[in-house]
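Me: Hello! Could you walk me through this protein chain, from its overall build down to a few chosen residues?

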Amino acid sequence: MLRVVKICLPSEVKNSLNESVLCWLSTLGADGNPNCSPKKNFTFVDDLHIVIADIASSSSRKNVLDNPLVCVSFVHVLKQKGFKVKGAAHYI
């Protein structure tokens, strides 16, 4: 399980997370190459943390271990509104 630490998730962001069915985890490898991986299993656990299941994510895992800074984005497809959350990630 990957945990992304962010400074305070407003209720609007948490509500959107609950309504979204897919998010994208963006990482940066040690060689400077970006990686963006779609994720189906994610949620927030409190005002500071988003958790994302690590399923078939070998590139994301390696990148987070090399550089913990990530971006998670998600869009509610019917509302056409979404958010981007940046923070540091680590495995739990």
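Here is a friendly round of questions and replies about the chain shown above.

Me: Before we start, what kind of model is this, and which pLDDT do local features need?
Reply: Residues are numbered from 1 along each chain as its sequence is written, and side-chain values use heavy atoms, with hydrogens and water left out. This is a predicted model in which totals for chains, interfaces and linings use all residues, side-chain atom pairs count only at pLDDT 80 or more, and local features need a pLDDT of at least 70.

Me: What is the mean pLDDT of the chain?
Reply: pLDDT is the predictor's confidence in each residue, on a scale from 0 to 100. In this chain, 92% of the residues reach 70 or more. The mean pLDDT is 89.

Me: In what order do the elements run from the N terminus?
Reply: Helices (H or I, at least four residues) and strands (E, at least two) are DSSP runs, numbered from the N terminus. The chain has two helices and seven strands. From the N terminus on, their order is β-α-β-β-β-β-α-β-β.

Me: What is the radius of gyration of the chain, and how does it sit with the globule rule?
Reply: The radius is taken over C-alpha atoms, and the globule rule is 2.2 Å times the number of residues to the power 0.38. For 92 residues the rule gives 12 Å, and the chain comes close to that, so it is as compact as a globular protein of that length. Its radius of gyration is 12 Å.

Me: Which element has the lowest mean pLDDT, and which the highest?
Reply: At the low end is strand β1 (residues 2-5), with a mean of 65. The highest mean, 94, belongs to residues 23-28, which form strand β2.

Me: How much of the chain is buried?
Reply: Buried means under 20% relative accessible area, exposed over 50%, and partly exposed in between (1.4 Å probe, protein chains only). Of the 92 residues in the chain, the buried ones make up 37%.

Me: Among contacts between residues at least 6 apart in sequence, what share joins residues at least 24 apart?
Reply: Contact means heavy atoms within 4.5 Å. Of the contacts between residues at least 6 apart, the share joining residues at least 24 apart is 62%.

Me: Is Cys-23 buried or exposed, and how far is its C-alpha from that of Pro-38?
Reply: Cys-23 is found in strand β2, and at 0% relative accessibility it counts as buried. Beyond its neighbours within four places in sequence, Cys-23 is in contact with Ser-37, Pro-38, Lys-39, Phe-42, Ile-52, Val-72, Ser-73 and Phe-74. Pro-38 lies 15 residues from Cys-23 along the chain, and their C-alpha atoms are separated by 5.8 Å.

Me: Which residues does Ser-16 contact, leaving aside neighbours within four places in sequence?
Reply: Ser-16 has its place in helix α1 (residues 11-19). With 7% relative accessibility, Ser-16 counts as buried. Its contacts outside those neighbours are Phe-74, Lys-81, Gly-82 and Phe-83.

Me: Where is Asp-46, and which residues does it touch beyond four places in sequence?
Reply: Asp-46 sits in the loop between β4 (42-44) and β5. Asp-46 is partly exposed, with a relative accessible area of 33%. Asp-46 and Leu-9 are 37 residues apart in sequence and 8.1 Å apart in space, C-alpha to C-alpha. Not counting residues up to four places away, Asp-46 touches Leu-9 and Lys-14.

Me: What is phi of Ala-56, and is this residue buried or exposed?
Reply: Ala-56 is found in the loop between β5 (49-52) and α2 (58-66). Its phi is near 55 degrees, a positive value in a residue other than glycine. At 82% relative accessibility, Ala-56 counts as exposed.

Me: Where is Gln-80, and what is its relative accessibility?
Reply: Gln-80 belongs to the loop between β6 (69-76) and β7. Although Gln-80 is not a glycine, it has a positive phi of about 55 degrees. Gln-80 counts as exposed, and its relative accessibility is 64%.

Me: Is Ala-89 buried or exposed?
Reply: Ala-89 is found in strand β7. Its relative accessibility is 6%, and Ala-89 counts as buried.
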